[in-house]
Amino acid sequence: MESFAYKTPQSVAEAVQLATGEAKLIAGGQSLLPSMKLGLAAPSALIDLGRIADLRTIKVETGQVTIGAMATHASVAESAEVKAAIPALAELAANIGDRQVRNRGTLGGSLANNDPAACYPSAVLGLGAMVHTDRRTIAADDFFKGLYETALDEGELITSVSFPIPKRAKYIKFKQPASRFSLVGVFVSQGPAGTRVAVTGAGAGVFRVKALEDKLATHWAPESCAGVTVSADGLNSDLHGSAAYRAALIPVLTQRAVAAS
Amino acid sequence: MNARQSFIGQRIERREDARFLTGNGQYTDDITLAHQTYAYFLRSPYAHAKIKSIQIAAAKQAAGVVAVFTGADFREVGGVPCGWLITSVDGTPMKEPKHPVLCDDKVLFVGDAVALVVAETLEQARAAAGLIEVDYEELPAVVDVDRAKGAAAVVHDIAPDNVCYEWALGDKAAVDAVFAQAPHVTTLQFKNNRLIPNAIEPRAANASYNPSDESYTLYVTSQNPHVHRLLMCAFVLGIPEHKLRVVAPDVGGGFGSKIFLYIEETALVWASKRVKRPIKWTCERGESFQTDAHGRDHSTRAELATDLDGKFLAMRVHTEANLGAYLSTFASSVPTILYATLLAGQYTTPKIYCAVTGVFTNTTPVDAYRGAGRPEATYVVERLVETAARELKIDQAEIRRRNFITSFPYATPVALTYDTGNYEAHMAAAIELADVKGFGARKLASEAKGLKRGIGYSAYIEACGLAPSNIAGALGARAGLYEAGEVRVHPTGKVTVFTGSHSHGQGHETTFAQVVAARLGIPLEDVDIQHGDTGKVLFGMGTYGSRSLSVGGTAIIKAVDKVIAKGKKIAAHLMEASDTDIEFDNGVFKVAGTDKSVPFASIALTAYVPHNYPLDKLEPGLNENAFYDPTNFTFPAGTYICEVEVDPQTGATRVDRFTACDDFGNIVNPMIVEGQVHGGIAQGIGQALLEHAVYDSQSGQLLSGSYMDYAMPRADDLPEFRIGTVSGTPCTHNPLGVKGCGEAGAIGSPPAVINAICDAIGVSDLPMPATPHVVWSAIQQAH
């Protein structure tokens, strides 16, 4: 690992001001630090968001749950409010990585990184959430732009995410055997943002499956997924599964998620 | 049985665990010497390339750099040797290309070392390595085992067809004749997947040179420090053997991968004299993936001829074995001597022929990994047997029963003589413990949930206790395979035992102490076990092949018996009796038929304070050593039964039950034995379901080069094992009656798992690892 400067801003404004040039914002560091150790990233400075208390709050208001960008997976998993309002979201957070990852990793970090196999993007897209930044609000449908790409501008900082409380929702992760990221993860929901089926792990980034959403919008039942096939075009193929396998898993996992929702 | 002898068979907690579990282990990387420097190896990013030039001037000038070495510096020293000569069927010796310490003109696999940088800190060494400019001319690479022979890419000029040897065992014509007439033939074609050992402690070394007496000290992660010393001194560096001390301190797992002499520790020893300072190197995890010797990687066509009642008539096996880019220390013997000789399994198959082609490829060298040839053989036999049973519609236990060897000693058609065994006993025990009777009901319950349930057996045998040196020598071994032990009794009767076996997870410090304390009738805490230091231990061949207790333990017992014999003479003198009238029982020397006795500790004191002592007939002191060369292999055997539940929509397999009933002969510490079986089964299930070292077939890059892509078995991948070590048939040719248990789990389990999945989804074969994707694909193809 190369040496770097380390800064601890006390406010969002200060953090944004420092995040210029080769400096990098660091949230929980569960992706950035490993890539620095491997020499794949060498920022000149790390701007640690950990001292900005405002970014950790979790609050439930009428119709929505707003989670600060620096809330750890563990804090979301353990939040009584989240468990009551959107149990699928708390459960998703409880199954990310291992205990160490959950104690450090954050919602904002996961979204800004947008790993194609991460869990959180599927919840954000699958619930039709709103991503708040230091300068604007971005709808989930506009936020994810493919492999590690998002709508965030250079130096733009996620502050929180508002999840509309759905009538029903469920996330099922089929794990890649080695990394235990999702080989395919499916988040389903029905609520204020409509009927949504968001898939992570299978493609270059999280995406929705219209064919399944249409069937489920008509009739929210596992059997609605029967007979729906998902095209393998553009899906990932790697050591752990072909595109055809991933495509086949999507309706299977959707059906199971609906059954458990 | 008396109190002290009852140490045998007791679940005594491992004495070494206190230091390991509290972070007080002393591993190679924990050792930092005065004036320490640090090493970093620059490695090839290509699988196969010519080194056109290498520029080190900038690296030499970099901050903190002490020295930079390249292949040119090592031209005068030898290559890292291979310890087993395999002779091809045409009588020619195997091809033995030089394995240079650092690559000179060519790199042969991704991770091959091209330069060694020594600096004040590791960071400085790594940074300087980044300044070295190597001009490579990339060459076509060959990595797949069944594409290597005759490939356009030639790994070594001395083997233009990439063949190291074409070896065979058995009477081909006789076997072919049986097959030509056989009523039924079962045929399978499969790969035994390549594995990466993944010891929790990566390899490490710290070498230093003392100019005052021209001696070297090497701390190294080794399963056999004396073998490291011998090979390094005599074959590579030409250092006088008495001038190199090799210490293998606490070692965090080996599984075979730390048997071998690697180039890194060799380079460090050589360089330590040049820089006149100690040099430390600790492998990074990514380097471990690329450079620890891998395991398995066979491509095999196997056939079993039977009659219609399921009686085995003959077996015919053709295997291509991937040896990697160079011949590692025991690489040549693993897919030949340790493989083909096990193809009789537990059965009376009268005729067996096995041909093995060992090939070079542009991959990491392949060598012994937990089981070493025997898992591959067991996979052949037990997949064939279960498939034949299915084809002939004979119950899987019944077909085995019809073919079990029941009379001992039994000479197999593949060169071994089994001394003892009772295969029906452990199969019956396994069937009971696995509740095979209830399988039908469980299958129905699974079906009600939309899941498929299957059951698979594996009745393995292994040859352990390596090895009778004369037999090994006749088969090409370039070393003896005995073990040495020394028992040093101190004046107060306390005992230090020095053993050539090395413990790196096996619990020798406990098991060996139990054996010695029981034999001497003294408290367990009066016995210490020392190992892993050529400066303390007289000699040793080390730990592998489940040999430590049967061979190393026997050497210790022989030394203990010499101590007792000498003690009897001292006791006879003290009690004014004849030597032949002295009995030794539970720590006390007695005159037979009298109440006269002297305790062991008094004899020890007398030996060291010989005021009243037969000095004219007997030397003072009480210190004996012994070498033990076994007269035969030992033959642990067992039956494993695996029950799986498969989700047909996703292909995911859950191992629901795993039952292992082993016959290890006599058991000294059942808790340690069960722990060994647990670990072995975890690795075997890992091979069957998860682990796979995959190279890109074009570029030769290791695709599964980290834990993100190489799946290690984790606790939640495994069921709670049902372990029923049976009251065994003691080994007939060592005094402890022990057979060895370290590898059984890894040997016996993979075919049981695959047999179970095949049963569940109704297919005749499945590749390993049977990942969800693989199983799903097989289900799709079957429909």
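Colleague: Which residues in H15(B) are met by residues in H14(B), among them B:Phe512 and B:Val515?

Modeller: This is a predicted model, in which local features need pLDDT of at least 70 and side-chain atom pairs count only at pLDDT 80 or more, while totals for chains, interfaces and linings use all residues. Residues are numbered from 1 along each chain as its sequence is written, and chains are lettered from A and ligands numbered from 1 in the order in which they are written. Helices (DSSP runs of H or I, at least four residues) and strands (E, at least two) are numbered from the N terminus, and residues are in contact if their C-beta atoms, placed from the backbone, lie within 7 Å. B:His508, B:Thr511, B:Phe512, B:Val515, B:Val516, B:Arg519 and B:Leu520 in H14(B) meet, in H15(B), B:Ser548, B:Leu549, B:Gly553, B:Ile556, B:Ile557 and B:Val560.

Colleague: At roughly what angle do the axes of H14 and H15 of chain B cross?

Modeller: Axes are lines fitted to C-alpha atoms over the stretch in contact, with angles from 0 to 180 degrees between N-to-C directions. The axes of H14 (residues 508–520) and H15 (residues 548–574) of chain B come within 10 Å, and their crossing angle is roughly 35°.

Colleague: Is B:Lys449 buried or exposed?

Modeller: B:Lys449 lies in the loop between helix H12 (439–448) and strand E18 (452–461) of chain B. A residue is buried if 20 or more other C-beta atoms, placed from the backbone, lie within 10 Å of its own, exposed if 12 or fewer, and partly exposed in between. Because B:Lys449 has 10 other C-beta atoms within 10 Å, this residue is exposed.

Notes:
Two residues are in contact if their C-beta atoms, placed from the backbone, lie within 7 Å.
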